[in-house]
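Okay, everyone, thanks for coming. Let me put the model up and then walk you through the sheets and the ligand site.

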Amino acid sequence: MNIIFLGPPGVGKGTHAKLLGETLGIPQISTGDMLRAHIKGQTALGKAAKHHIDAGELVPDEVVIGMVRERLAEADCENGFILDGFPRTIPQAEALGTITQIDAVINLVAGNEVILSRLTGRRVCKDCGATYHISRLHGKTTCEACTGPLIQRVDDQEHTILNRLKVYEAQTAPLIAYYRGIGLLHDISAVDGIEADHQQIK
Ligand code: AP5
C-alpha cells in the first residue's frame with residue numbers, strides 16, 4: 001500500500017507513520033527527517049533548506065519533489081511506503097500523482113491547543129532522531145534507544161510553531177479537500193492516546 005499521512009505540525013504524523021510502517025513492513029518516509037539529515041550533513045540542499053525550516057516556512061516545492069522522487073525509486077519502496085509530511089502543497093500533490101499511485105490518505109485531526117502542548121513538550125534525540133514528550137520522560141535527558149542527548153528542535157519554539165500552523169492552514173490544509181475529492185481521505189481523530197489512535201488507523 002502507498003499511504004500518505006496528512007495533518008498539522010505536531011499532530012502525530014511521525015509517531016503514527018513509524019508505527020504503521022513497522023506493522024505493515026514498509027518504509028516511513030519523512031521529508032522533515034530527510035531535510036534535517038541534509039542539514040546535519042551540511043550538504044548544499046541542507047544549507048539551502050535550513051533557514052526555511054528554522055523559520056517554520058516550507059522548503060521550495062522543486063527541492064522537496066526532487067528528493068521524494070529519488071527516494072521512491074529505491075528498492076525498499078517496491079511493496080509500498082508511508083509518506084510523512086509530503087505532499088504539503090497542491091503542486092507537490094500533483095507532482096506525486098505523476099510519480100506513483102496513492103491508495104489512502106490518513107488525515108490526523110487535533111485542535112491547536114493539543115498541538116501546541118505536544119510540540120513545546122517534544123524532545124528529540126540529537127543522535128538518532130527518536131521522539132519523546134516531556135510528560136513521559138520523568139526527568140530523563142538521554143535517549144532510551146541510543147543514550148544520545150535529548151534536545152528541543154529549533155522550530156519547536158512557541159513563536160515558530162505558531163508560524164508553522166499558519167503556513168499549514170494556508171498551504172497544506174487545501175490538500176484535505178483535494179484528496180477528499182478523489183475519494184482517498186480518511187479522517188482520524190488523534191487525541192485518544194497513541195495506542196488507541198494507532199488501532200483506529202489500522
Ligand atoms: P516535519 O518534520 O515534517 O514537521 P511537521 O509536519 O511540522 O511535523 P512534526 O514532525 O512537527 O510533527 P508530527 O506530526 O510528525 O508529530 P510527532 O509524531 O513528532 O517538517 C519540518 C520542516 O521541514 C517543515 O516546517 C518544513 O520547513 C520542512 N518540510 C518538511 N516536509 C516538507 C515538504 N513536503 N515541503 C516543504 N517543506 C517541508 O508528535 C509530536 C509530539 O506529540 C511528540 O512529542 C509525540 O510523542 C507526541 N504525540 C504524538 N501523538 C500523540 C498522541 N496521540 N497522544 C499524545 N502525544 C502524542
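So, β5, residues 122-125, pairs with β7 in the antiparallel sense, over two bridges. If you want a spot to click on, take V124: its bridge partner in β7 is I151. I should say right away that this is a predicted model.

Those two strands belong to an open sheet of three, in the order β6-β5-β7, with antiparallel pairing. The edge strands are β6 and β7 (150-151), and each of them pairs on one side only. There's a helix here too: α6 lies across β5 and β6, running at about 40° to β5.

Now rotate over to the other sheet. Here five strands form an open sheet in the order β2-β3-β1-β4-β8, and the pairing is parallel. At the edges stand β2 (28-30) and β8 (185-189); each has a single partner strand, so one side of each is left without a neighbour in the sheet. Neighbouring strands in this sheet are turned by 25° against each other on average, ignoring direction.

Look at β4, residues 104-109: β4 and β8 pair in the parallel sense over five bridges. Across from N107 you'll find D187 in β8. Two helices to look at on this sheet. Helix α1, residues 13-24, packs on the sheet and touches β1 (2-6), β2, β3 (81-84) and β4, with its direction at about 160° to that of β1. Then α9, residues 194-201, also packs on the sheet, touching β1, β4 and β8, and its direction makes about 160° with that of β8.

Right, the ligand, which is probably what you came for. Which residues come nearest? Of the 35 around the ligand, those are T15, E57, R88, R122 and R164.

On polar contacts, an N or O atom in the T15 side chain is 2.5 Å from a ligand oxygen. V11 brings in its backbone, with an N or O atom 3.3 Å from an oxygen atom of the ligand. And D197 has a polar side-chain atom 3.0 Å from a ligand nitrogen. How much of the ligand does the protein bury? Taken alone the ligand exposes 1,000 Å², and 95% of that is buried by the protein.

As for what builds the shell, the elements giving two or more residues are α1, α2 (31-40), α6 (112-120), β6 (131-133) and α9. The most comes from α2, with four residues. By class, you've got 13 nonpolar, 11 polar and 11 charged residues around the ligand. Okay, over to you for questions.

Note on methods. Residues are numbered from 1 along each chain as its sequence is written. This is a predicted model: local features need pLDDT of at least 70, side-chain atom pairs count only at pLDDT 80 or more; totals for chains, interfaces and linings use all residues. Side-chain values use heavy atoms; hydrogens and water are left out. Two strands pair if DSSP finds at least two bridges between them. Axes are lines fitted to C-alpha atoms, for helices over the stretch in contact, and angles run from 0 to 180 degrees between N-to-C directions. Contact means heavy atoms within 4.5 Å. A residue is near a molecule or strand if one of its heavy atoms lies within 4 Å of it. A polar contact is a pair of N or O atoms within 3.5 Å; within protein, one must be able to donate a hydrogen and the other to accept it, and residues adjacent in sequence count only if both atoms are side-chain atoms. Accessible areas come from the Shrake-Rupley method with a 1.4 Å probe; for residues, only the protein chains shown count as cover. Ala, Val, Leu, Ile, Met, Phe, Trp, Tyr, Cys and Pro count as nonpolar, Asp, Glu, Lys and Arg as charged, and the others, Gly among them, as polar.
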